[in-house]
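Open the model in your viewer and keep the selection panel at hand. The stops below go from a sheet to a helix.

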Amino acid sequence: MIDRSYLPFKVAREYQDRKMAKWMGFFLSEHTSGLEQERNRIDYSSELSLADKLLLLNQLYSHQLTGILTVPGRTYVGKVKNLTFQLISFETKEGYISIQISEILTIDLEVEYESA
């Protein structure tokens, strides 16, 4: 319900638009679909800088650690086998792949748990 108590005329304060319910449903539907699109959007604002990517990839390479690389639309788990300033050679369970460093969104270390 719309608050029109500030209006000076009683007719204007008590006016009820019968079609308002239809429009409110329309606006609610638009708002819901807008929220759904926002939830499905990928946030690239936390993307790593080139220097940070090179540092993390160099650490994975020099210590031969297993890493998790995220590129748009895909996540790879494996080890860095070759590293240049433009691309890396990455060994996964499926085989070797080349990835452009500029395409990498996140780099994480895979934590391996040892059973006691």
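The tour starts with some ground rules and then moves from element to element.

This is a predicted model, in which local features need pLDDT of at least 70, side-chain atom pairs count only at pLDDT 80 or more, and totals for chains, interfaces and linings use all residues. Residues are numbered from 1 along each chain as its sequence is written, and side-chain values use heavy atoms, without hydrogens and water.

Begin with the sheet. Five strands (DSSP runs of E, at least two residues, numbered from the N terminus) make an open sheet with antiparallel pairing, in the order S4-S3-S2-S1-S5. Two strands pair if DSSP finds at least two bridges between them. Select 96–100 for S4 and 106–109 for S5: these are the edge strands, each pairing on one side only.

Next, select residues 67–71, strand S1, which pairs with S5 over four bridges in the antiparallel sense. Leu-69 is found opposite Ile-107 of S5.

Now select residues 50–63, helix H3, which lies across S1, S2 (74–83), S3 (87–92) and S5. Helices are DSSP runs of H or I with at least four residues.

Which residues of H3 are buried? Show Lys-53, Leu-54, Leu-57 and Leu-60: these are buried (under 20% relative accessible area, 1.4 Å probe, protein chains only). They cover an arc of only 130° around the axis (taken from the directions from the helix axis to the C-beta atoms), which puts them on the same side of H3.

On the face turned away from the buried side, find Ala-51 and His-63, which are exposed, meaning over 50%.

Finish at Gln-64, just after H3, where phi is positive at about 50°.

How values were computed:
Contact = heavy atoms within 4.5 Å. Axes fitted to C-alpha atoms, helices over the stretch in contact; angles between N-to-C directions.
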